[in-house]
Amino acid sequence: MDYYEQFGITRMSGDEVRTVYGEAGQWLMIVFYLFSGVDAVLYNQFARFERAPGELRLDDTRYYCISYYTMGLVEADLGNHRRREAMPGIIDVLRDHPVSAQAAVRAESVHGYNVILFPEQLQPELSEMLVDNFDVSLADTMALLDEAVIAASFVPNERLLHIAGELGDYLQDEAIGMVRLKVLEFFHAITTGGLKFISSTKHCSPTHIEKTMRIHERMLADLSRHETIAELCRDEGLSETTFKDCFKALYQRTPGDFLRTARMNQAAILLADPKRSIAEISQMMGYDNPSNFTRTFKGVYGMLPKVYREKCLK
């Protein structure tokens, strides 16, 4: 069994450049072998699923998994009050975690990719060549990603968001040469200030964690509502300061960033339906001013809603 077959998917075909894994109507995953110890994985999930606690166990291979999703929401409970939520508009990092207590796809489909570093497979000659010829230090990249502890979400700057979008396009086209170059640019952007790491070192009591998670569920239940943080916290009997600290500890982002990306994630799903106007979708997401919606969408997806819709309908 190779590394990827541990995830319960079947190898369909492969060669020295790529391997295709899948399950009819459920998964399609294409692994591109870019460099020794560096893979890119194009990921498509076509149905909701939920994995029970302990169902997935990986071997002890060390890795850094950097995820960028263009549609959908993936949730995982990593234990010790750590949660992973991968969605569009953020760079999600998972490191050396052999098992998840629970995981689920919370959307009708999920599309995106992972760039995976396997430190023990990296060759010194490759690392030296990348530094000398491309000013890319994999050691610096991994040192930065070590801040993720087990899992973390990073907010990319505009440059990194643009690079992430281009990398996804090249992966879709299976332009392996351009994918290799773009991955190097991706690493360089990460290590030169492209990510804003959000975390909280505050200790949260079990009661505060439970209340924070209930507020989180309310935020997702109706994305068209614009309840303030003060209103949500008052209903749960939780101070705003405690809520924000617990939210950052659980989800590695601010409540405002989370809600903005969640709304734009839902908007992206609606944009795939040509019968809905952009103005209508703007209203459904709670934006009375379509210009504000357009600006926010571009900030998350790196493109205008109109351009995103055109890509979906190709």
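**Salt bridges and helix packing in the predicted model**

With a relative accessibility of 36%, E174 counts as partly exposed, where buried means under 20% relative accessible area, exposed means over 50%, and partly exposed lies in between (1.4 Å probe, protein chains only). The structure is a predicted model, in which local features need pLDDT of at least 70 and side-chain atom pairs count only at pLDDT 80 or more, whereas totals for chains, interfaces and linings use all residues. Residues are numbered from 1 along each chain as its sequence is written, and side-chain values use heavy atoms, with hydrogens and water left out.

The protein chain contains 11 helices and 13 strands, these being DSSP runs numbered from the N terminus (helices H or I, at least four residues; strands E, at least two). Of its 314 residues, 49% count as buried. Among the contacts in the protein chain with a separation of 6 or more, 69% come from residues 24 or more positions apart, a contact being defined by heavy atoms within 4.5 Å.

E174 is placed in the loop between α3 and α4, and its phi is near 55°, a positive value in a residue other than glycine. E174 also forms a salt bridge with R18, with the closest N and O atoms 2.7 Å apart; a salt bridge is here a side-chain nitrogen of Lys or Arg within 4 Å of a carboxyl oxygen of Asp or Glu. Because E174 belongs to the loop between α3 (158-173) and α4 (176-194) while R18 belongs to strand β2 (residues 18-23), the pair ties together parts that are 156 residues apart in sequence. The partner R18, at 24% relative accessibility, counts as partly exposed. In general, side chains of opposite charge can pair when their charged atoms come close.

By this rule, 11 salt bridges are counted, among them pairs that lie within a helix. In α4, the side chains of E185 and K182 meet in a salt bridge with an N to O distance of 2.8 Å, and, being three residues apart in this helix, E185 and K182 are separated by about one helical turn. K182 counts as buried at 9% relative accessibility, whereas E185, at 31%, counts as partly exposed. The two residues are also linked with E166 in a network of salt bridges. In helix α5, a salt bridge joins the side chains of E210 and R214 (3.0 Å, N to O), which are four residues apart in the helix and therefore separated by about one helical turn. Both residues are partly exposed, E210 with a relative accessible area of 48% and R214 with 36%.

Helix α5 (residues 206-221) also packs against helix α7 (residues 240-251), their axes coming within 9 Å and crossing at roughly 80°. Axes are lines fitted to C-alpha atoms, for helices over the stretch in contact, and angles run from 0 to 180 degrees between N-to-C directions. The crossing makes α5 roughly perpendicular to α7, given that angles under 35 degrees count as roughly parallel, over 145 as roughly antiparallel, 65 to 115 as roughly perpendicular and the rest as oblique. The contact is made by H208, I209, T212, M213, I215, H216 and M219 on the α5 side and by T242, F243, C246, F247, L250 and Y251 on the α7 side. By class, nine of these residues are nonpolar, four are polar and none is charged, with Ala, Val, Leu, Ile, Met, Phe, Trp, Tyr, Cys and Pro taken as nonpolar, Asp, Glu, Lys and Arg as charged, and the others, Gly among them, as polar.

Helix α7 has a further contact with helix α6 (residues 229-236), where the axes come within 9 Å and cross at roughly 100°, which means that α6 is roughly perpendicular to α7. The residues involved are I229, A230 and C233 of α6 and E240, F243 and K244 of α7, and they divide into four nonpolar, no polar and two charged.

Helix α8 (residues 255-271) has 17 residues that should span 24 Å at 1.5 Å a residue, which agrees with its end C-alpha atoms being 24 Å apart; the expected span is 1.5 Å times one less than the number of residues. This helix is mostly covered, with 13 of its 17 residues buried.

D135, in the loop between α1 (124-134) and α2 (138-145), has a positive phi of about 55° although it is not a glycine, and at 55% relative accessibility D135 counts as exposed.
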